[in-house]
Amino acid sequence: MRYLPLTEADRRSMLAAIGVRSVDELFVDVPAAARLDGPLALPAHADEMSVEQAFRRLAAKNLSPTVAPFFLGGGIYRHHVPASLDHLIQRGEFLTAYTPYQPEVAQGTLQALFEFQTQVALLTDMEVANASMYDGATACAEAVMMGARVTRRNRVILSGALHPHYRDVSRTYGRFLGLDIVALPAAWSGVEDLAGQLDKSTACVVVQTPDFFGHLHDFTALADACHAAGALLVVVFSEAVSLGLLKPPGAMGADIVAGEGQSFGNGLSFGGPTVGLFAVRERLIRQMPGRLAGQTTDVDGRRGFVLTLSTREQHIRREKATSNICTNSGLCALAFTIHVTLLGERGLTGLAELNHARAVATAERLAAVAGVEVVNRSYFNEFTVRLAKPAAEVVDRMAGRGVLGGIPVSRLIPDDPALAPLMLVAATEVTSDGDIAALADALAEALR
């Protein structure tokens, strides 16, 4: 009864107070067919060592990226996380810290968030960044809502090369706000006419680079077209390392930048938690969701940090608040900041160059495999290949050979048969020559 401290007398008293005779009566509104007629068939309780052994046996059924050649990407990427980073984020003053409402007891947390914001602003070439979002998908959805608020328009255009998860989350948010979300067909070739979609009701256009299929884009001309139509340009990314080498969204004329920061300091962790990045032009700062940590001075002239802006916590604004997001990914943001700091500017550029070089080596090797066509003309560390067989079937066969060879596009966009032969392949700094050779051999075997 350690976790159920109520006594039988306590339960009888509560049941009497609400006017029922038993706990079962509380469930009468649930259809009988949906109710269990007995306990779940779960194993009996066991000692700690037995439970650990059972879970190790279950874990051994997974094909881990630490022991297998690994080429999965699709929005979450495997990068090296320095051991010093894990040591630092597990310090008690960081690991146990929560929302820094009281600046007098949270200077370390606030300063770390301030540094995080500075790094995101520099990486994206934007003027202001917030203190993080939940992940890239929700950051994208928040950008969509912000675009509608700023322009007071209703129509949102989503590129056909936007990550499907980002598209779906944006649709879900927009549906309950009455937004007209126009999601264009999958642009796997990297070519689509976004400027041609603009009209006087367009609030914003959401694009991605590198896009879901790995293509690189310069959206400068599209930014000009959006601004001429009175719309905003939202540029999204899912691979933050690309910002160390490619033209940043701010330099293209983006009004809002949203993306995923998992690649810096945050492991795969079966898909989360991660950290969303969000940056805007200074003129839009009061419409920005999330929180903003600011630098100031105290009464004695000493530098200090405060929570300058917040959204849901714009307490009396209620429905006028810019978002209902109620926290940030603070520890993941700290990991991001520590990793970027350890790298420095030259290290970041070198990491990005190494990622691209590994992807080029992988693409060149795969292009020589019969039944494989590399679709992309340009890419960073991820690209799309067209296979002679359905990609899902090929991926399963490669996994049977101990190679995690890629992601079938049909797994994330299942409703388009034309995408069945397409597979995403990602390579990073942890990809070795041996991994590339194993992938090429496994792919050749799976296509026979």
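D125 is partly exposed in this predicted model, with a relative accessible area of 38%. That value lies between the limits of under 20% for buried and over 50% for exposed residues, and therefore D125 falls in the intermediate class. The residue is found in the loop between α5 (107–124) and β1 (128–129). Its backbone also deserves attention: phi of D125 is near 60 degrees, a positive value in a residue other than glycine.

A positive phi also occurs at S132, which is not a glycine either; here the angle is about 95 degrees. S132 lies in the loop that runs between β1 and α6 (136–151). With 1% relative accessibility, S132 counts as buried, because the limit for that class is under 20%.

Most residues other than glycine have a negative phi, and most peptide bonds are trans. The second part of this general statement leads to the peptide bonds listed below.

| Peptide bond | Form | Omega |
|---|---|---|
| T209 to P210 | cis | near -15 degrees |
| G272 to P273 | cis | about 0 degrees |

In the cis bond from T209 to P210, the proline is the second residue. P210 is placed in the loop between β4 (202–208) and α8 (220–228). The cis bond joining G272 and P273 likewise involves a proline. The loop that holds P273 connects two strands, β6 (256–260) and β7 (276–280).

Key. Residues are numbered from 1 along each chain as its sequence is written. This is a predicted model: local features need pLDDT of at least 70, side-chain atom pairs count only at pLDDT 80 or more; totals for chains, interfaces and linings use all residues. Side-chain values use heavy atoms; hydrogens and water are left out. Helices (H or I, at least four residues) and strands (E, at least two) are DSSP runs, numbered from the N terminus. Buried means under 20% relative accessible area, exposed over 50%, partly exposed in between (1.4 Å probe, protein chains only).
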